[in-house]
Amino acid sequence: MSTVTYSIPNISCGHCVHTIQSEVSELEGVQSVVANQEAKTATITFDVPASEEKIKALLSEINYPVAA
Ligand SMILES: [Cu+2]
């Protein structure tokens, strides 16, 4: 099990937080997603078959790319 916090500059309101939490938690292997509007971060706990690569790809797809 891994927990990673990503910086996501596009988070601007509670809707963003909701979208990220609901979309990322659909990914198989993701245990929890906590997005923070003020910090513009998402803390994601996951295990295989999820991976950082898959999570970042999904976040880009839904227009919340992780900061480089
Ligand atoms: Cu928003």
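# Exercises on a three-stranded sheet, two helices and a copper site

The sheet is open and has three strands in the order S1-S3-S2, with antiparallel pairing. Strands and helices are DSSP runs numbered from the N terminus, a strand (E) having at least two residues and a helix (H or I) at least four; two strands pair if DSSP finds at least two bridges between them. The model is predicted: local features need pLDDT of at least 70, side-chain atom pairs count only at pLDDT 80 or more, and totals for chains, interfaces and linings use all residues. Residues are numbered from 1 along each chain as its sequence is written, and side-chain values use heavy atoms, with hydrogens and water left out.

## Exercise 1: the sheet

Task: Find which strands stand at the edges, and trace the pairing.

Solution.
- Strand S1 (2-7) and strand S2 (30-36) each have a single partner strand, so one side of each is left without a neighbour in the sheet.
- Neighbouring strands are turned by 15° against each other on average, direction ignored. Such angles run from 0 to 180 degrees between N-to-C directions, with axes as lines fitted to C-alpha atoms, for helices over the stretch in contact.
- S1 and S3 run antiparallel and are joined by six bridges; Ser 2 has Phe 46 in S3 as its bridge partner.
- S2 pairs with strand S3 (residues 41-46) over six bridges, also in the antiparallel sense. Here Ala 35 stands opposite Ala 42, and the partner of Ser 32 in S3 is Thr 45.
- Four residues lie between S2 and S3 in their hairpin, and Lys 40 in the turn has a positive phi of about 55°.

## Exercise 2: helices on the sheet

Task: State which strands helix H2 touches.

Solution.
- Contact means heavy atoms within 4.5 Å.
- Helix H2 (residues 52-61) packs on the sheet and touches S1, S2 and S3; its direction makes about 35° with that of S1.
- In S3, five of its six residues are buried, where buried means under 20% relative accessible area, exposed over 50% and partly exposed in between (1.4 Å probe, protein chains only).

## Exercise 3: Val 33 and the core

Task: Locate Val 33 and decide whether Val 33 is buried or exposed.

Solution.
- Val 33 belongs to strand S2.
- Its relative accessible area is 11%, so Val 33 is buried.
- Leaving aside neighbours within four places in sequence, the contacts of Val 33 include Ile 20, Gln 21, Val 24 and Ile 44.
- Val 24, not counting residues up to four places away in sequence, touches Val 30, Val 33, Ile 44, Leu 58 and Leu 59.
- The largest nonpolar core has 20 residues, and Ile 8, Ile 20, Val 24, Val 30, Ile 44 and Leu 59 touch the most other members. A nonpolar core is a set of buried Ala, Val, Leu, Ile, Met, Phe, Trp, Tyr and Cys residues joined through side-chain atoms within 4.5 Å.
- S1, H1, S2, S3 and H2 each supply at least two residues of this core, and H1 gives the most, with four residues.

## Exercise 4: the copper site

Task: Identify which atoms coordinate the copper ion.

Solution.
- Donors are N, O and S atoms within 2.8 Å of the metal (3.2 Å for Na, K and Ca); water is not among the atoms, so sites may look incomplete.
- The copper ion is coordinated by the SG atoms of Cys 13 and Cys 16, at 2.0 to 2.1 Å.
- Cys 13 is partly exposed, with a relative accessible area of 30%, whereas Cys 16 is buried, at 5%.
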